[in-house]
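Work through the following exercises with the sequence and the model open beside you. Each task is followed by a solution that proceeds step by step.

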Amino acid sequence: MIEIESVTKAYGGVRVLDDVSLTIPTGGITSLIGANGAGKSTLLSVAARLLPADSGRVRVDGMDVATTPGPVLARRLAVLRQENAMSVRLTVRELVAFGRFPHSGGRLTREDHRLVDEAMAWFELGPLADRHLDQLSGGQRQRAYVAMVMCQGTDHVLLDEPLNNLDMRHAVQMMRMLRGMADELGRTVVLVVHDVNVASCYSDRIVAMREGQLVAEGPTDELMTPELLRKVFDVEVEVHELAGRRIGVPWS
Amino acid sequence: MQRRHVAVALAALVLAAFASLFLGVSDLTPADLVDPDEAQARVLWTSRVPRLLAILLAGSAMAVAGLVMMHLTRNRFVSPQTAGTTEWVGLGIVVATLWFGGTSVLGKMSIGVLFALAGTAFFVWLLQRMVLTDVVVVPLVGILLGGVVSAATTFLAYRFDLLQSMDVWMNGDFSGVLAGRYELLWLVLAATVVAYLWADRFSVAGMGESFAINLGVPYTRVVMVGLAIASVVTAIVVVSVGSIPFLGLVVPNLVTLAMGDNLRRVLPVTALTGAAFVLACDVLARTIRYPYEVPVGMIGGVIGGVLFIWLLLRARKRAL
């Protein structure tokens, strides 16, 4: 469970997060949606202690992220940012193995190796195991990063735009894998997603933000309405039921 | 496969190191080792062995210092010699000589270490405040900074008539290494071992701040410790034997080009290669004008320079 209590964050006088309070329950996929600059990424970064909040606090399983020792929190919560410009030349296996660092401190046990193999198999990275990251396509690299984060074995997994760089096939594949992480492995997955329909089709809960403030949060079905989407994105969106899923169509 | 390569390289280095003991004006052959006369024993233990140890220690430590620095600044062209660290040590040596009565090696070394730490910290502070778009700009800033510091050093040395001594201090040269005058170099071995123990942390920090925080690694502290290690090693080596140009830049680049960037794997090979590079340069320096010597720094500058240009061209070809 992630508890966010009146978190505020400002950049140069502009409030990017304005008194946001939110509880993300254990289990399932929660998607943060909102227009560009709504504060989704900032909220995710603050929750994952990549950014300090100006005021308020975030607790993960009751632990304050600002004060809990780094290695302790790294075994409970993993995060992947959107921009991962990495100049380090590692093989896919080496990168994924670094996910075990919080547990093993670099000396991998047999169990660690098993988990590394498992994460690579999960993201279908086996054939790429010994390739260097700079030899991969953007989509393959993205999968390798997410595999590393999964290999960290944390209850909470926070991902900022994990579908970046992915084509349609790989985007669907990635969402299925994340769905599996939530359903089969019982992880709590929190995503920043810019495509409302991805959020609608794959997540259990939606958190909608606008101009640094929380607009609404709740089960996906309750939030996928024309009224809410208009409020969040400032554009008319029709919502249609298609094969049991709610699809928003803004091109009317 | 890779393990076997390393073993072969290690064996070659040991052989070359052993052979280098018998290179010099005084007669000493491997056969003499069995039953050396007094003069031969003295040559061996006061000159040849200390010189070899100094070469191996300085070469391995400087290469590792360069590797750590390039990793933590996330820039392949940053090394103690392109970040101005070497020049700060030079300034420290002159300041120690002028105002702290620093004729003792220990005195020069302490001031040199302080200047290297402060100078490297200043370089990093500058980097954090600049918006840089090109990887080549970072080492350029370092080289510019080094140029300014070096100008100040030359000015001081000129005013106080130290120019000639300064030249001797700064230019890498192992001919002055004698028992009793190089032992502080063992400190760099300790620094190299610490760097190895922290290799994974440096790898993680090299991935960037958010990766490091995610994996529970205290980013700022790791970067500071790594840069401090590199600075201290540079200061000790420069004060003891002088500067060997390009060593900290070319060797780590060659090794990581072949083996990737996982520091735990790469660091021992970098240390070996650095030692081998300096040994080869020193052997050349001793034989090229035999029985006279040229400074090893000069040989290192020529070979390292050529390798560096090759690296740059190769990097460009890869980018196209």
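**Exercise 1.** Find which residue just after H11(B) takes a positive phi, and describe the helix that precedes it.

Step 1: The residue is Gly260(B), which follows directly on H11(B) and has a positive phi of about 85°. Helices here are DSSP runs of H or I with at least four residues, strands are runs of E with at least two, and both are numbered from the N terminus. The model is a predicted one, in which local features need pLDDT of at least 70 and side-chain atom pairs count only at pLDDT 80 or more, while totals for chains, interfaces and linings use all residues. Residues are numbered from 1 along each chain as its sequence is written, and chains are lettered from A and ligands numbered from 1 in the order in which they are written.

Step 2: H11(B) covers residues 247–259, and its 13 residues reach 18 Å from the first C-alpha to the last, close to the 18 Å expected at 1.5 Å a residue (the expected span being 1.5 Å times one less than the number of residues).

Step 3: Among the buried residues of H11(B) are Leu247(B), Val251(B), Pro252(B) and Thr256(B). A residue is buried if 20 or more other C-beta atoms, placed from the backbone, lie within 10 Å of its own, exposed if 12 or fewer do, and partly exposed in between.

**Exercise 2.** Determine at what angle the axes of H2(B) and H8(B) cross, and which residues make the contact.

Step 1: The axes of H2(B) (residues 38–72) and H8(B) (residues 199–206) come within 8 Å and cross at roughly 35°. Axes are lines fitted to C-alpha atoms, for helices over the stretch in contact, and angles between N-to-C directions run from 0 to 180 degrees.

Step 2: H2(B) contributes Val68(B), His71(B) and Leu72(B), whereas H8(B) contributes Phe202(B), Ala205(B) and Gly206(B); two residues are in contact if their C-beta atoms, placed from the backbone, lie within 7 Å.

Step 3: The largest nonpolar core has 170 residues, and Val68(B) is one of those with the most contacts inside it, as is Ala147(A). Such a core is a set of buried Ala, Val, Leu, Ile, Met, Phe, Trp, Tyr and Cys residues joined through C-beta atoms within 7 Å. H2(B) gives the largest share of this core, 16 residues.

Step 4: Beyond its neighbours within four places in sequence, Ala147(A) touches Val96(A), Ala119(A), Met120(A), Trp122(A), Phe123(A) and Leu125(A).

**Exercise 3.** Work out the strand order of the open sheet of 4 strands in chain A, and explain why S2 and S5 stand at its edges.

Step 1: The order is S2-S1-S4-S5, with antiparallel pairing; two strands pair if DSSP finds at least two bridges between them.

Step 2: S2 (14–24) and S5 (63–64) each have a single partner strand, so one side of each is left without a neighbour in the sheet.

Step 3: S4(A), residues 55–60, pairs with S5(A) over 2 bridges, and Val60(A) stands opposite Met63(A).

**Exercise 4.** Decide whether Asn197(A) is buried, exposed or partly exposed, and find its contacts.

Step 1: Asn197(A) is found in H8 (residues 196–202) of chain A.

Step 2: Asn197(A) counts as partly exposed because it has 16 C-beta neighbours inside 10 Å.

Step 3: Leaving aside neighbours within four places in sequence, Asn197(A) is in contact with Ile247(A) and Gly248(A).
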